[in-house]
Amino acid sequence: MKQHPLCTDCEQSADVMSMPIPAGLKQEWAAIETRRRFLGRSGKVLGWAALANLLGERGLRGDAHAEAPPQAGPASRQQLKQPFFAPKAKRAIYLFMSGGPPQMDLLDYKPKLAALYNQDLPDSVRGTQQLTGMTAGQAHFPIAPSHWAFKRYGKSGTWVSDLLPYTAQMVDDLTIVKTTSTDAINHEPAIMLMNTGNMNAGKPCLGSWLSYGLGSMNDNLPTFMVLQTKVNAKENNQPVSSRLWSSGFLSSEYAGVGLRSGGDPVLYLSDPNGVDRAVRRKMLDAVEALNRQTMTELGDPETNARIAQYEMAYRMQASVPELADLSKEPQSTWDLYGPDAKEPGTFAYNCLLARRMAERDVRFTQIYKRGWDVHGDVTGVLPILCSETDRGCYALITDLKRRGLLDDTLVIWAGEFGRTVYSQGGLTPDNYGRDHHPNCFTTWMTGGGVQPGITYGETDEYSYNVVRDPVPVRDFNATILHCLGIDHNRLTYEFQGLDQKLTGTTPANVVQGLLA
Amino acid sequence: MKRKSHARVAGLVARLVALAIGVQLILLPWVFKLDGKPHANWQQFLGRFHPLTVHLPIGFLVLLPVLEIAGMSRPALREAAGFVLALALASCLFALTLGYLLAYGSGEAGPGVMRHMWGAIVLTIGVMACVLVRPAWSSGAVSTVYPALLAFVMLTLVWTAHQGGSLSHGSNYLTEYMPTPLKRWVAPGAGASGAAPDSFYTQHINPILDANCVSCHGASKIKGGLRLDSYGALMRGGKDGAVIIAGNPGRSLLLQRVTLPQSDKRFMPAEGRPPLKPEEIAWIKAWIQQGASSTATAIAGVSIQQAPPVPPIQPVGNYSSMMPAIERMASGQGAKLVPVSGKPSDGLILNTVDVAGSFGDAQLAQFDAFAPYIVEAELGRTAVTDASFDTLAKFTHLRALHLERTAVTGAGLAKLAPLKQLVYLNLSGTRVTSAAVAPLASMKNLRHVYLFNTPAQPAAAAVNTPQSAAGSKR
């Protein structure tokens, strides 16, 4: 057998056991020796395992023509890269409102609160609900009615806050969920739960599961792209980390690819001076040959992921500049998205990019907008947040709709939790703050697969507890997968002895009431 | 001798008691008249246990003939039958009492309720008669009266139970999902409403009332004296007067009651049934506003997107045997045929996004061989022209066709007419004119046509620019 180039001492070593040294040292050497051999061998074993995995069960059994077992059970390998059943939506755009938007100031209209101004939230409503450390010590929980008026819009007569004049124009297209509920009360666990179905880091996110389960539609662009909105310093910006678009235990090919909000959308994407496409190609071919050699020697599947990523980056050198070139957009685009959209990194700009990615069949695009963590100064900050996002959301939906893309694109608007009806800190007639609230928060979806013009679920008159039709995060995610043709119980990946899935181990249900 | 006379006296007393109960039962509907008005709450409270208790006598009575027949070979069972019969009578009386309390307390009336009530009274008297004649039968003295009476009781039981079931589940509960041929045989000529068959009322209002209201305000149950199962009955109104004031939705009681807050006691549909959908309320409102007509076919301002029903999706054949050819196409041309799902009968999607620039009519023509399996053709941004319609017309299972930002002008769009499955056609950003797309109107299933950024685009609605948020406050 050929010796590994990095391994210089593992095949022929002096016989330590016969040397005149203390027995304790000999024992220790034996232990090291065993461990070294074990590691050396296990590399090869892993290589075989990976090879078997790549060939699939069929390759090993040699019956290439065997029919795939019909239905039920986890998806077998050959079933992946395509939906389990004919999907309503082929792609999805997720507008993530990081920080937790206050539902009762936006879409969850609670008219009775006005009369309860500054009264304590009844203990019977609060119950045994856990509070964050920020308000658990408060002696009082004074009710803060929304500062803004609500009006009814559309044929559906949906109540919308004056803060969202654009969203109000499209309520008949939206599927509003008032009763989304989560288990986490702090940002990091809550945002992980929303994105990966688990509060702890290390699990693949929704976009990675979609890439893994459905594959790519466009070979020249990543399957899963992430756009971050530029931070506004006036807002309370919670950090958003790449853990949220990580592929966890899935191959890193399925991780989200982020575009930068300023300058080059992807760093070092353009070739340096003096390097043309041919040189780049030659270099990549050489690197690939080396990588393939490493692959055959060590068998680490991540090597394949690396090869694929180099190739993707090469193709992106042509496709990304075309994607981000807005110079050919007609005037009607700018009329719709507004002047903000011309400035890279704004929410409106990202919405426009998301539409262009949908046109180019990017499977999943996620836009992050931070700053919704309004613990204080709601009346000062919330209008800024709404003016930054309201028009972009409306423009994106309207644009997708008029271009015929909304039929098979699912758009999701959600944060990681809601906010409390009682004021955090002082309550004055002009201002208040709101703390994190997991029991109920408002989200919406629209497009392929969901029923337009409906409001699902009901919260109590304090927007504190769910009265009817709760939608836990796992059900929310199961419904998203369903719209894309995936049975959440069958899209699994065996890891650490468990058939892992996005919706976790607690039984989850597709929310039929949301479906078209 | 003395014992015998003693037994005779007991028998006589039993007969007298039975006669008294029977007379009382028959007089009951005249003493406590079911006048459709609710009475005491305690009556309703107890009455609501009727659906629970009513299954007890049913069980006993069904058991009875089983025991009697099985008792022919095992006498012990026949002995038990006497006991079960006594239990049946007791539970009959109990269930009947509760049932009457329910009807009287909640003010139920209507032919369905009356039929169920009389069925129950006759049944109870029948069971009582069985109790009286059974001893003679079991001692072998009289052989036919008891079996005949028992058969009669069983038939009455079936009929009465069916009437009760119709009250709680609706009279079409059994027939709703019955296979059509059977249905025609069982219930010919159902569903006349006294309005024109193509009217807005028949098409849209009646189905809403049917689905949400008629179980309590219909032929079998007439709560509040109100029936909503026909146009005439709807306009006649109920105990509280008219429920529809033509031209005045605000004063129409029906609309008022369905728009109350759900917590209101008078909210309809009552008893926790799901409320009407916002759009249904909007239709009823518009219909009343514009005269609550029984003939008008359209209501101004209401466009109900109901169009033709979605055509049932036709499965394409199994293309599995063509997989090698499909893969060769992908590696040769670059355009891919992608399965819609893991089920081959869902068809294939023609995906050209990776080679859009070089994909033209000639390349499309090469997909001829796969024509019947392609359900969606993504030709947006490709180099195809009007010549592509000749090939596309062979894609008989095509449901969605993307031609956005291509050079097509629409000449020859009429060639797509044979594509009966086509529901989606995207021509955005092409040079098609309104004249060119006119032939599409004849394609009944084609419901999503996109003409954004084309000369054929309907007058562009100006982008709404709502006033800024800062202006309005609480």
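This passage describes the fold of chain A, selected backbone features in chains A and B, the contact between the two chains, and a sheet in chain B. The model is predicted.

Chain A contains 10 helices and 17 strands. Of its 516 residues, 44% are buried. Among the contacts in chain A with a separation of 6 or more, 76% are accounted for by residues 24 or more positions apart. Thr175(A) provides an example of a contact between residues distant in sequence. This residue belongs to strand β4 of chain A, which spans residues 175-181. The C-alpha atom of Thr175(A) is separated by 5.8 Å from that of Gly453(A), although the two residues are 278 residues apart along the chain. When neighbours within four places in sequence are left aside, Thr175(A) is in contact with Trp444(A), Met445(A), Thr446(A), Val450(A), Gln451(A), Pro452(A), Ile454(A), Tyr456(A) and Leu514(A). Thr175(A) counts as buried because 26 C-beta neighbours lie inside 10 Å, the cut-off for this class being 20 or more.

Three backbone features were examined, and each is located in a loop. Most residues other than glycine have a negative phi, and most peptide bonds are trans. In chain A, Asp469(A) is not a glycine, yet has a positive phi of about 60 degrees. Its place is in the loop between β14 (466-468) and β15 (471-472) of chain A. Asp469(A) has 14 C-beta neighbours inside 10 Å and therefore counts as partly exposed. In chain B, a positive phi of about 50 degrees is found at Ala292(B), which is likewise not a glycine. Ala292(B) occupies the loop between α12 and α13 (323-333) of chain B. With 22 other C-beta atoms within 10 Å, Ala292(B) is buried. Chain B also has a cis peptide bond, from Met268(B) to Pro269(B), with omega near -5 degrees. Pro269(B) lies in the loop that runs between α11 (253-259) and α12 (278-289) of chain B.

The contact between the chains involves 29 residues of chain B and 35 residues of chain A. On the side of chain B that touches chain A, the elements giving two or more residues are α12, β5 (424-426) and β6 (448-450) of chain B. The most is given by α12(B), with three residues. By residue class, this side of chain B divides into 12 nonpolar, 10 polar and seven charged residues.

Strands β5 and β6 of chain B also belong to an open sheet of six strands, in the order β1-β2-β3-β4-β5-β6, with mixed pairing. Its edge strands are β1 (336-339) and β6 of chain B, each of which pairs on one side only. From one strand to the next, the twist averages 15 degrees. Within the sheet, strand β2 (residues 348-351) and strand β3 (residues 374-378) of chain B run parallel and are joined by four bridges. In this pair, Leu348(B) stands opposite Ile374(B) of β3(B). Strand β6 of chain B is thus an element with two roles in this description: an edge strand of the sheet, and one of the elements that give two or more residues to the side touching chain A.

Note on methods. Residues numbered from 1 in each chain as written. Chains lettered and ligands numbered in written order. Predicted model: local features only at pLDDT ≥ 70, side-chain atom pairs only at ≥ 80, totals over all residues. Buried ≥ 20, exposed ≤ 12 C-beta atoms within 10 Å, placed from the backbone. Contact = placed C-beta atoms within 7 Å. Nonpolar A, V, L, I, M, F, W, Y, C, P; charged D, E, K, R; others polar. Pairing = 2+ DSSP bridges. Axes fitted to C-alpha atoms, helices over the stretch in contact; angles between N-to-C directions.
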